[in-house]
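Biologist: Before we discuss anything, could you show me the model itself, so that we can go through it together?

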Amino acid sequence: MTTPAIEISDLRKSFGSLEVLRGIDLSVGFGEVVCVIGPSGSGKSTLLRCVNLLEEPDGGSVRVGGVEVTDPDCDLDGLRRTIGMVFQSFNLFGHLSVLANLTIAQRRVLKRSRADAELIARENLERVGLADKAGAYPAQLSGGQQQRAAIARSLAMSPELMLFDEPTSALDPELVGEVLAVMRSLAAEGMTMMVVTHEMGFAREVADRVVFMDGGQVVEAGPPADVLGSPTEARTREFLHRVL
Ligand code: ADP
Ligand code: MG
């Protein structure tokens, strides 16, 4: 059996007395797209954040490319370099041009030369349809363009997998489609992706598997046609009834 890209078993996390993750088991294969859905507060963001150790698990195991992230010997910086993360808020540096936003970490973290970093930045701006915006500043871009630039910035770091936490939730409705289109093309290129989303159409069309979380547990997981089309659990049905 080949090593999964992400392998989570019996993952537990509490904040004080609040048990936020109560024994999560989940694996994501290389090239697989897994969409995580569920009500607000169910632990979706915490789950993603445990994968790159933005949150430290209290128990269980998280392996990325076979490496246990909680192992004290784990090269955390090296691990984080292999994982791209895109948040709801785009977090671009407002005082830097789009091009500089895409080159700064390449230069500082990956030690790429200016010429290499700029070439890779431009390739990735092209990839998200922003080739003509390299010289623009974030405030000059629409929300959808800013989020696409943030995705390009992650891609410029040559990640092996990408985590998305509600990447379209902060966008005006008319701008959601352009960001989903970029994510769809990434999926088609074979990128390994874990996507927390409320976009059920995207999950249905793009996900290999959909995971429904509630109360810090995986309630139901499977192909989108099953989980979204004919869920077996009452909690999944209730959730879908509310959002669809
Ligand atoms: P979701 O992304 O599904 O909305 P989260 O993972 O963000 O859920 O949060 C799950 C629960 O954990 C919520 O009740 C939230 O308030 C709580 N929580 C998340 N992060 C923290 C934190 N750093 N400190 C305390 N509580 C937190
Ligand atoms: Mg969240």
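**The largest pocket and the helices**

Modeller: About 550 Å³ of space lies in the largest pocket, where a pocket is, on a 1 Å grid over the protein atoms alone, an open set of points where a 1.4 Å probe fits, with protein on both sides within 12 Å along at least five of seven lines, and where the volume is the space filled by probe spheres set on the points, joined across faces, edges and corners. This is a predicted model, in which local features need pLDDT of at least 70 and side-chain atom pairs count only at pLDDT 80 or more, while totals for chains, interfaces and linings use all residues. Residues are numbered from 1 along each chain as its sequence is written, chains are lettered from A and ligands numbered from 1 in the order in which they are written, and side-chain values use heavy atoms, with hydrogens and water left out.

Biologist: Which residues that line the largest pocket are the closest to its centre?

Modeller: A lining residue has an atom within 4 Å of a point of the pocket, and 22 residues meet that description here. The closest of them to the centre are Ile83, Met85, Arg153, Ser154 and Met157.

Biologist: Which elements give two or more residues to the lining of the largest pocket?

Modeller: Elements here are DSSP runs numbered from the N terminus, with helices (H or I) of at least four residues and strands (E) of at least two. Those that give two or more residues to this lining are helix H2 (76–82), strand S6 (83–86), helix H3 (98–108) and helix H5 (143–155).

Biologist: How do the residues of the lining of the largest pocket divide into nonpolar, polar and charged?

Modeller: Ala, Val, Leu, Ile, Met, Phe, Trp, Tyr, Cys and Pro count as nonpolar, Asp, Glu, Lys and Arg as charged, and the others, Gly among them, as polar. On that scheme the lining divides into 13 nonpolar, six polar and three charged residues.

Biologist: On which side or sides of H6 do its buried residues lie?

Modeller: Buried means under 20% relative accessible area, exposed over 50% and partly exposed in between, with a 1.4 Å probe and protein chains only, and the buried residues of H6 are Leu175, Val176, Val179, Leu180, Val182, Met183, Leu186 and Ala187. Because they cover an arc of only 155° around the axis, taken from the directions from the helix axis to the C-beta atoms, they lie on the same side of H6.

Biologist: Which exposed residues does the face of H6 turned away from its buried side carry?

Modeller: Helix H6 (residues 173–188) has 16 residues and reaches 24 Å from its first C-alpha to its last, close to the 22 Å expected at 1.5 Å a residue, the expected span being 1.5 Å times one less than the number of residues. Its buried side is covered by elements that include strand S3 (33–37), helix H4 (114–127), H5 and strand S7 (161–165), contact meaning heavy atoms within 4.5 Å. The face turned away from that side carries the exposed residues Glu174 and Ala188.

Biologist: What do the buried residues of H4 pack against?

Modeller: H4 has 14 residues and reaches 20 Å from its first C-alpha to its last, close to the 20 Å expected. In H4, Ala117, Ile120, Ala121, Asn124 and Leu125 are buried, and they are on the same side of the helix because their arc is only 140° around the axis. The face turned away carries the exposed residues Ala115, Leu119 and Glu126, whereas the buried residues pack against H3 and H5.

Biologist: What phi does leucine 53 take, after H1?

Modeller: Helix H1 (residues 44–51) is mostly covered, with six of its eight residues buried, namely Lys44, Thr46, Leu47, Leu48, Cys50 and Val51. H1 is followed by leucine 53, whose phi is positive, near 65°.

Biologist: What is the relative accessible area of serine 158?

Modeller: Serine 158 is in the loop between H5 and S7, and it has a positive phi of about 55° although it is not a glycine. Serine 158 counts as partly exposed because its relative accessible area is 44%.

Biologist: Which residues does arginine 204 touch, not counting residues up to four places away in sequence?

Modeller: Arginine 204 lies in helix H7 and is partly exposed, with a relative accessible area of 41%. With those sequence neighbours left out, arginine 204 touches Pro224, Leu228 and Leu244.
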